[in-house]
Amino acid sequence: MEVMLRKTSFIDYPGEISSVIFFTGCNLRCPWCHNRELVIGGDEKGAVLLNQALAHIKKRRSVLGGVVLSGGEPTLYEELPHIIASIKDIGLPVKLDTNGMNPTALENLLQEAPPDYIALDLKCAPERYGELFKTSAAAACAGQTEIALKQSATLVRDSGIAHEFRTLALPNVDETDIEALAPLVDQAPWVFRAFKTGNCLDPLWDTFADSKVEDVEKLVKRAKELGKNAIGGNLGGEGN
Ligand code: SF4
């Protein structure tokens, strides 16, 4: 199995120097996604075998504080519990980045091989998730998607595992999205980050303006007004 490896990151695991393993494939098609090669394939440059990535991480374990599993969407891989166990055998904690579209896999994971930290993407109001699918047929399943997102958020909140929620200040995300998402969020950090153009999955999105500090602040302010632990953060992790 091939993955992409970012050997060193200072921003993907809160408070830790980490390595990031990126899994290919995703069950969403967010038009702003910066991980085009991971989501639709076609550029295997830089891909390494999972075993090679784990061997590299093992060699550098003394300088690492954790390993991030990102994508793409890691929960699409049945091997994920085994991979998490392998990393824990190395002696490093594991952070999972997920879009929350696969609550069954997430639930199994929490039972079989719970990660040490979970970052759950909240992209827009749950009822708007139909905009994130490749085909209109898939978009018609958006109702199920809304249920999936809510199930995943509940699993994460009830897991007892350190976690955060993540939202990009996209041009088409405003305070009404934050109000719709707020019931999914507990007192864990809700991290808002700027949207930046470049290599977007839908080239049209590269013609939009990058979000400004005020755009992020506006969403943070509304989340705070709703009683959430909202903070502005750096761009890191998957292209959520
Ligand atoms: S942003 Fe994340 S969830 Fe969306 S398509 Fe890209 S990898 Fe998948």
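An open sheet of 9 strands runs through this predicted model in the order E3-E1-E2-E4-E5-E6-E7-E8-E9, with mixed pairing. Strand E3 (47-49) and strand E9 (230-232) are the edge strands, and each pairs on one side only. From one strand to the next, the twist averages 30°.

Terms first. Strands (E, at least two residues) and helices (H or I, at least four) are DSSP runs, numbered from the N terminus. Two strands pair if DSSP finds at least two bridges between them. Axes are lines fitted to C-alpha atoms, for helices over the stretch in contact; angles run from 0 to 180 degrees between N-to-C directions. Contact means that C-beta atoms, placed from the backbone, lie within 7 Å.

Three pairings in the sheet:

| Pair | Sense | Bridges | Opposed residues |
|---|---|---|---|
| E1 and E3 | antiparallel | 3 bridges | valine 3 and valine 48 |
| E1 and E2 | antiparallel | 5 bridges | arginine 6 and valine 20 |
| E2 and E4 | parallel | 6 bridges | valine 20 and valine 68 |

Strand E1 covers residues 2-13. Strand E2 spans residues 16-23, and strand E4 residues 66-71. Valine 20 of E2 faces arginine 6. Valine 20 also stands opposite valine 68 in E4.

E1 and E2 form a hairpin with 2 residues between them. Glycine 15 sits in the turn and has a positive phi of about 80°.

Helix H8 (residues 213-225) lies across strand E7 (162-169), strand E8 (190-194) and E9. H8 runs at about 170° to E9.

Residue numbers start from 1 along each chain as its sequence is written. In this predicted model, local features need pLDDT of at least 70 and side-chain atom pairs count only at pLDDT 80 or more, while totals for chains, interfaces and linings use all residues.

Methods
Two residues are in contact if their C-beta atoms, placed from the backbone, lie within 7 Å.
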